[in-house]
Amino acid sequence: MPDKVLLNAKLDAYLPLVARGKVRNIYQVDDVTILLVTTDRISAFDSIMSNGIPNKGCLLTLLTAYWSRLLLAAIPGLRTHLITLDLPTEIPPGLRDQYVNRSMQVQKLKPFKIEAIVRGYITGSAWKSYQADGTVCGIKIDPGLRESEAFPGGPIFTPSTKAELGVHDENIHPEKAKEIVGAKYAARIEELALTCYKYAADYALNRGIIIADTKFEFGLDVATDEVVLMDEILTPDSSRFWLADAHRVGETPPSFDKQYLRDWLTSEGLKHKPSDSVKMPDEVVIKTDEKYCEAFQRITGTDWETGLDVS
């Protein structure tokens, strides 16, 4: 894999910059289309590391496109905002190689101000909450569960607030989500999030990966009043991927996501430090890269560098 890392997209001279997130830069293409450029930045505990993971942006973009195609074919009525991986004509030839496969032209939507988190297994903050008071996001859970165990009634919808950059997201009860986005939209978001998760969890399990939990984001197509799946889909950045063969109830299984980075930050006392103030050592960069690449290969059946037919 090449060693080049793109920490910041620099396309302001060609397209208007709309926003810069933790990982993505957003540019306006026209009145109804935006360009999402996924950099190689990586964040954990709401803090962006000062260095990145080589070519992570390409891997996340291609995996999102892969899942988008699968979900659209499997789930009636689902829409995603992905239009094409082709770059807009405004990007000059000399820059196109740098941005191809890490950029998506997508439909411009009105984002809902919640994150649609679905949990199939009790772990992470859900496990800590359950240990404290027997609930997850205010939802009462059956007693007697052990860490990394599947929720007995199936996956649960546990939304969070969608905080501004640098502010911590807050886990909320589904009833609070209704107050934020409206009951009609909250119900549709929950329905789509659970349906997408269940399909993806079965698909991944057949390929040796447990999707313990994941975060979806949705936006409103104002013209049609439809809820549309947007942003990244079922990537190692937005999901907790476990090795199925190593899953043991009561233990934390080996993972293919940001957990290696989270564990390093925790062990070094570096959680929630200001963005760009923490540099990952080479070992953490290499191990995180290896885990992301293995997740991609297990899910898609191919090495990401060979490219995918995702059109």
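Why does the sulfur of Cys-293 form no bond with the closest cysteine sulfur? In this predicted model, the closest cysteine sulfur to that of Cys-293 belongs to Cys-58 and lies 11 Å away, which is too far for a bond. A disulfide requires the two sulfur atoms to be within 2.5 Å. The relation holds in the other direction, since Cys-293 also provides the closest cysteine sulfur to Cys-58. Cys-58 is itself buried, with a relative accessible area of 8%. A search of the whole structure accordingly returns zero disulfides.

Helix 5 comprises 23 residues, from 183 to 205. At 1.5 Å a residue, a span of 33 Å is expected for helix 5, and its end C-alpha atoms are indeed 33 Å apart, so the two values agree. Buried positions of helix 5 include Tyr-185, Ile-189, Leu-192, Cys-196, Tyr-197 and Tyr-203.

Tyr-203 also takes part in an aromatic cluster together with Tyr-66, Trp-67 and Tyr-199. The face of Tyr-203 is covered by Arg-207, at 3.6 Å from the ring centre. A further charge is placed over a ring where Lys-271 lies over the face of Phe-45, at 4.8 Å from the ring centre.

Seven aromatic pairs are found in the structure. One of them joins Tyr-121 and Trp-242, whose ring centres are 5.6 Å apart and whose planes meet at 65 degrees, so the pair is edge-to-face. This pair links distant parts of the chain, 121 residues apart: Tyr-121 is in the loop between strand 9 and helix 3, whereas Trp-242 is in strand 16. Both Tyr-121 and Trp-242 are buried.

Terms used:
Residues numbered from 1 in each chain as written. Predicted model: local features only at pLDDT ≥ 70, side-chain atom pairs only at ≥ 80, totals over all residues. Heavy atoms only, no water. Helix = DSSP H or I, 4+ residues; strand = E, 2+ residues; numbered from the N terminus. Expected span 1.5 Å × (residues − 1). Buried < 20%, exposed > 50% of the residue type's maximum accessible area, 1.4 Å probe, protein only. Phe/Tyr/Trp six-rings, centres within 6.5 Å; stacked < 30°, edge-to-face > 60°. Lys NZ or Arg CZ within 6 Å of the ring centre and 35° of its normal.
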